[in-house]
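This report examines aromatic pairs, helix packing and selected residue environments in a single protein chain. The sequence and the structure come before the discussion.

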Amino acid sequence: IQVILTNGFVIGLVGSVIGALLGVVFVLNINGFERWVHDLTGFTLYPRDVYYLDKIPDEVNPFDVMATVVITLSLCLVLGFYPAWLAARLDPVESFHRE
């Protein structure tokens, strides 16, 4: 059980950290991305006359980022428990016989 739970936790940890980093980088650069899309295509993602904003709000709350990572890791452990439990119930000889 421990091997499968550890595997799920490590995959969740790597995915959460990479996702959080990419998300924060994207949010901090969203106005530059919007300008790039406008320069490339001429399309305005957030028209100034509709939204009455001179820039897209780009606030990053560290607590929200950490809460998301913790919830994701918790879900990885909880949802990884069922496959780990099923694997622990298998007979190793029977598993190798099927392979």
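What follows treats the aromatic rings, then the packing of two helices, and finally two individual residues.

**Aromatic rings**

The model is predicted, and a search through the whole of it finds four aromatic pairs. In one aromatic pair, Tyr82 and Trp85 have ring centres 6.1 Å apart and planes at 35 degrees to each other, an arrangement that is tilted. The two residues belong to helix H4, which covers residues 62-89, and because they are three residues apart there, about one helical turn separates Tyr82 from Trp85. Trp85 has a relative accessibility of 38% and therefore counts as partly exposed, since that class lies between the buried limit of 20% and the exposed limit of 50%. The ring of Trp85 also has a charged group over it, namely the end of the Arg89 side chain, at 4.6 Å from the ring centre. Elsewhere, one aromatic cluster is formed by Phe26, Phe33 and Trp36.

**Packing of H1 and H4**

Helix H1, made up of residues 2-28, packs with H4 at an angle of about 155 degrees, and the two axes are 8 Å apart. Because angles over 145 degrees count as roughly antiparallel, H1 is described as roughly antiparallel to H4. The contact involves, on the H1 side, residues including Ile4, Gly8, Gly12, Ser16 and Val24, and on the H4 side residues including Val65, Thr72, Cys76, Gly80 and Ala87. The crossing of H1 past H4 is right-handed.

**Two residues elsewhere in the chain**

Glu34 lies in helix H2, which spans residues 30-41. With a relative accessibility of 5%, Glu34 falls under the 20% limit and so counts as buried. Phe43 is located in the loop that lies between H2 and helix H3 (48-51). Between the C-alpha atoms of Phe43 and Tyr82 there is a separation of 47 Å, the two residues being 39 residues apart along the chain.

The table lists the contacts of these two residues, leaving out residues up to four places away in sequence.

| Residue | Location | Residues touched |
|---|---|---|
| Glu34 | helix H2 (residues 30-41) | Thr44, Leu45, Tyr46, Arg48 and Ile56 |
| Phe43 | loop between H2 and H3 (48-51) | Val37 and His38 |

Taken together, the buried Glu34 touches residues that include Thr44 and Ile56, while Phe43 touches Val37 and His38.

Key: Residues numbered from 1 in each chain as written. Predicted model: local features only at pLDDT ≥ 70, side-chain atom pairs only at ≥ 80, totals over all residues. Heavy atoms only, no water. Phe/Tyr/Trp six-rings, centres within 6.5 Å; stacked < 30°, edge-to-face > 60°. Helix = DSSP H or I, 4+ residues; strand = E, 2+ residues; numbered from the N terminus. Buried < 20%, exposed > 50% of the residue type's maximum accessible area, 1.4 Å probe, protein only. Lys NZ or Arg CZ within 6 Å of the ring centre and 35° of its normal. Axes fitted to C-alpha atoms, helices over the stretch in contact; angles between N-to-C directions. Parallel < 35°, antiparallel > 145°, perpendicular 65-115°, else oblique. Left-handed = near helix turned anticlockwise from the far one by under 90°. Contact = heavy atoms within 4.5 Å.
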